[in-house]
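Reader: Before I use any of the labels in a description like this, I want to know what stands behind them. Please take the terms one at a time.

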Amino acid sequence: MAKNLYEILGVEKNADKEEIKKAFRKLAHRYHPDKKGGDAEKFKEINEAYFILSDDKKRGEYDTYGRIFSDSAGANQNGGYSGFGPDFNGFDFSQFTQNFNQGGFTGEFDLGDLFGDFFGGGRERTRRGRDISIDLEISFRDSIFGTERNILITKNNLCGNCKGNGAEQGSSFKTCSACNGKGKIHETRRAFIGSFTNIKPCNMCHSSGKIPEKKCHLCHGAGIIKKESEINVKIPNGINDGEMIRLSGAGEVVISGTAGDLYIKIHVKNDSKFRKEGSNLLTDLHIKLSTALLGGEYILNTLDGDINLKIPEGINFGEILCVKGKGVPVDKNHRGDLLIKLHIDIPKKLSRETKSIISELRKEGI
């Protein structure tokens, strides 16, 4: 039975891109195979569903036909939604089998294998490297204004000695004997409804059609070596705790294919003074009772530095003062506001003189 991509991500069919992205990030973090309790198959299924539903063209094809027809579908042959041909779900093969057997066929065949070849027959699929997922902690201030980080990741990269061709420097190449220089292996299979050709990349020459006379001493002809890479990550301003940054092509490399992606989950440290609500920043300020009654000024430390804050007289407990343009950057020219919630500190001990003054004030109804 064909899988429902919307059910896989847990969203409605009319979900917008942002809902789909949030659902993907949540599930990808939950089922990532590197995490305790992760599920590699579930993670792959989630990635494939997001790959299709996040692309307008592929999503349109899926919504219309129940499958997609793009070359780069990245579909799972067992998922039922890649659809490189007609949909045979629910089709009754008994008539085919009966007629075929009456024709004198005595061999064995696997319908699942046969039609797996039919759907993928004659079509090359692009190889893709493994995705990588990491966690990165940043300060609250960096989450507001954005920042850059250089991170070190050990992953499969092109060999620096042979540049990925697998040959020792100066070595010549010869024609690959496995594919006769084609870079592809054609496998033709005959079945009762015809012949099917499946095209596969040649693993011996990595689809290049040539193999080196002398293999690279560093990667031993693989063209790939695992090493530490430094990657620059640009973290946008206003990012939230738990959000994911995707760096396309920064995952693991494969020969004659596309590199995987790097997913970076951001963890924002809590700040002792500030918290974020949308594009605004919130903070608390404790003032004296005399300042609440008569007004005054306070030096307030903000993420932009110290500012001189004027407190109007007759302020009440819990009132909020607004400083325009000191919140979260929205774009190059606009920022949210800084909201300051006031708390009035009531003294616990009073001198005799102070009590006398307050008694007089009480007589006046204050």
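Author: Helices are DSSP runs of H or I with at least four residues, strands are DSSP runs of E with at least two, and both are numbered from the N terminus. By that count the protein has nine helices and 17 strands. This is a predicted model, in which local features need pLDDT of at least 70 and side-chain atom pairs pLDDT 80 or more, while totals for chains, interfaces and linings use all residues. Residues are numbered from 1 along each chain as its sequence is written, and side-chain values use heavy atoms, with hydrogens and water left out.

Reader: Where is Lys163 found, and what makes it exposed?

Author: Lys163 is found in the loop between β3 (147–158) and β4 (173–175). Buried means under 20% relative accessible area, exposed over 50%, and partly exposed in between, with a 1.4 Å probe and protein chains only. Lys163 has a relative accessible area of 63%, so it counts as exposed. Its phi is positive, about 60 degrees, although Lys163 is not a glycine.

Reader: Which backbone angle is positive in Asn180, and why is that residue called exposed?

Author: Phi is positive there, at about 55 degrees, and Asn180 is not a glycine either. Asn180 lies in the loop between β4 and β5 (184–191). Its relative accessible area is 61%, which puts Asn180 in the exposed class.

Reader: What class does Leu158 fall into, and which residues does it touch?

Author: Leu158 lies in strand β3. At 41% relative accessibility, between the two limits, Leu158 counts as partly exposed. Contact means heavy atoms within 4.5 Å. Leaving out residues up to four places away in sequence, Leu158 touches Lys163, Gly164, Gly223, Ile225, Lys227, Val253 and Ile255. Leu158 and Ala222 are 64 residues apart in sequence, and their C-alpha atoms are 9.2 Å apart in space. For the protein as a whole, 60% of the contacts between residues at least 6 apart in sequence join residues at least 24 apart. Buried residues make up 36% of its 366 residues.

Reader: What makes α2 roughly antiparallel to α3?

Author: The axes of α2 (residues 17–31) and α3 (residues 40–53) come within 9 Å and cross at roughly 165 degrees. Axes are lines fitted to C-alpha atoms, for helices over the stretch in contact, and angles run from 0 to 180 degrees between N-to-C directions. Under 35 degrees counts as roughly parallel, over 145 as roughly antiparallel, 65 to 115 as roughly perpendicular, and the rest as oblique. The angle therefore makes α2 roughly antiparallel to α3.

Reader: Which residues meet where α2 and α3 touch, and how do they divide by type?

Author: From α2, Ile20, Lys21, Phe24, Leu27, Ala28 and Tyr31 meet Ala40, Lys42, Phe43, Ile46, Asn47, Tyr50 and Leu53 of α3. They divide into ten nonpolar, one polar and two charged. Nonpolar here covers Ala, Val, Leu, Ile, Met, Phe, Trp, Tyr, Cys and Pro, charged covers Asp, Glu, Lys and Arg, and the others, Gly among them, are polar.

Reader: How do you know that β2 pairs with β11?

Author: Two strands pair if DSSP finds at least two bridges between them. Seven bridges join β2 (residues 132–138) to β11 (residues 262–268), and the two run parallel. In β11, Ile132 has Leu262 as its bridge partner, and Asp135 has Lys265. The open sheet has three strands in the order β2-β11-β9, with mixed pairing. β2 and β9 (244–247) each have a single partner strand, so they stand at the edges with one side lacking a neighbour in the sheet.

Reader: Which side chains of β2 are buried, and which are not?

Author: Ile132, Ile134, Leu136 and Ile138 point to one face and are buried, while Ser133, Asp135 and Glu137 point to the other and are not. In a regular strand the side chains alternate between the two faces of the sheet.

Reader: What makes β12 an edge strand?

Author: The open sheet of four strands has the order β12-β13-β17-β16, with mixed pairing. β12 (275–277) and β16 (320–323) each have a single partner strand, so one side of each is left without a neighbour in the sheet. β12 is joined to β13 (residues 280–288) by three bridges, and these strands run antiparallel. Arg275 has Leu282 as its bridge partner in β13.

Reader: How many bridges join β14 to β15, and how many residues does the hairpin between them use?

Author: Seven bridges join β14 (residues 296–302) to β15 (residues 305–311), which run antiparallel. The hairpin joins them through two residues. Gly296 stands opposite Ile311 in β15.
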